[in-house]
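Please open the structure in your viewer and keep the selection tool at hand. This tour goes from one stop to the next, saying what to select and what can be found there.

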Amino acid sequence: MSYECIITAVQGDGPRKTGLITLNRPKALNALNDQLMDELGEALLAFDADDGIGCIVLTGSERAFAAGADIPTMLPHTFATAFKSGLISKNWETILQVRKPVIAAVAGFALGGGCELAMMCDFIIAADTAKFGQPEIKLGIVPGAGGTQRLPRAVGKSKAMDMLLTARMMGAAEAESAGLVSRVVPADTLLAEALAAAEQINGFSGPSVALIKELVNLAYQAPLTDGVNVERRYFHALFGSHDQREGMEAFLAKRAPSFEHR
Ligand code: CO8
């Protein structure tokens, strides 16, 4: 598949590979327009449907993961056209349909819709150059892809209010201490670190991986007791899998497991 606003590649040496998606509108700091979001949605669903892919890494350039939704595209809209068209691409939340882990590898700016897109990934590995922010207030609008909802859940109310109301950017170290990103690495090792994390996940049993993703996301939606009950059912269910027996037998035999993702 050839795209104009993203680049896709398959990476890795193991039996399950990593789908790598690179946002590629360098002149606009990877601003997220309809075409880019439609291509991204298509690429994400294609990797999700491919049994040879275990994990997806989403990245941008050294200068920007993405500097937000495309401002020239938004400018002419009225309330009526924004509402009717669903401004902007229908594919803004396709990433939430993906059942495989999606790791954001963020260097440079992740602003507005770029920060929201990174927060829709399962975890964020940041380069020490990363800068996160929700500067929509400077444009006379509010975030539109979950920024006011996911940022407080990630960093707490006070810091989220500070960032959303003052439009200040948060550097990588602050983002890590606030819990927005899982780790910070030197910029020149960002992609290698993200691909290594993906490779590690690719080696585990696919059903375990998919269910852990589903369960952690459930922690943000369900009351604690309901989440724990669902977790217990999935825990029991995996005793019907090949990979449970293989994983435990391999541990006791002191050998590496050979998972078949079933
Ligand atoms: N949209 C379009 N083009 C952009 C964007 C953007 N968001 N950001 C930067 N660019 C372009 C600039 O216009 C410039 O283009 P040109 O060279 O043709 O003039 C080029 O990228 C380089 O940018 P700068 O010259 O400004 O570079 P600087 O290093 O001086 O500054 C910044 C970098 C700080 C990132 C600056 O460009 C900036 O502030 N950008 C805007 C950031 C912003 O406001 N983002 C939020 C946008 S609103 C949003 O994301 C809402 C999401 C809603 C989703 C709803 C889904 C349903």
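The stops below cover a loop residue, a pocket and several salt bridges. As you go, bear in mind that this is a predicted model.

**Stop one: a residue in a loop**

Begin by selecting Thr94, which you will find in the loop that runs between α3 (79-85) and β5 (102-106). Is Thr94 buried or exposed? Its relative accessible area is 3%, and because buried means under 20%, Thr94 counts as buried. Now show the side chains of Thr94 and Asn91, which make a polar contact with each other at 2.5 Å. If you set aside residues up to four places away in sequence, Thr94 touches Gly41 and Leu45, and these two can be added to your selection.

**Stop two: the second largest pocket**

Next, select Ala69, Met74, Glu136, Ile141 and Val142, which are the lining residues that lie nearest the centre of the second largest pocket. This pocket has a volume of about 780 Å³, and 30 residues line it. Colouring the helices will help you here, since α2 (71-74) and α4 (113-120) each supply at least two residues of the lining. What kinds of residue make up this lining? It divides into 18 nonpolar, eight polar and four charged residues.

**Stop three: the salt bridges**

Side chains of opposite charge can pair when their charged atoms come close. In the whole structure, a search finds eight salt bridges, and three of them can be visited in turn.

First select Glu174 and Lys159, whose closest N and O atoms are 2.5 Å apart in the salt bridge that they form. Glu174 belongs to helix α7 (residues 172-178) and Lys159 to helix α6 (residues 157-166), so this pair ties together parts that are 15 residues apart in sequence. Glu174 is partly exposed at 22% relative accessible area, and Lys159 is likewise partly exposed, at 26%.

Then move to Glu193 and Arg183, a salt bridge in which the closest N and O atoms are 3.8 Å apart. Here Glu193 sits in helix α8 (residues 190-202) and Arg183 in strand β10 (residues 183-185), and the pair links distant parts of the chain, 10 residues apart.

Finally, select Glu260 and Arg262, which form a salt bridge with their closest N and O atoms 2.6 Å apart. Glu260 counts as partly exposed at 41% relative accessibility, whereas Arg262, at 52%, counts as exposed. To finish, select Lys159, Asp162, Arg168 and Glu174 together, which are joined into one network by salt bridges that share partners.

Technical notes. Residues numbered from 1 in each chain as written. Predicted model: local features only at pLDDT ≥ 70, side-chain atom pairs only at ≥ 80, totals over all residues. Heavy atoms only, no water. Helix = DSSP H or I, 4+ residues; strand = E, 2+ residues; numbered from the N terminus. Buried < 20%, exposed > 50% of the residue type's maximum accessible area, 1.4 Å probe, protein only. Polar contact = N/O pair within 3.5 Å; in protein donor to acceptor, adjacent residues only side chain to side chain. Contact = heavy atoms within 4.5 Å. 1 Å grid on protein atoms, 1.4 Å probe; cavity = no way out; pocket = protein on both sides within 12 Å on 5 of 7 lines; lining within 4 Å. Points joined across faces, edges and corners; volume = space filled by probe spheres on them. Nonpolar A, V, L, I, M, F, W, Y, C, P; charged D, E, K, R; others polar. Salt bridge = Lys/Arg side-chain N within 4 Å of Asp/Glu carboxyl O.
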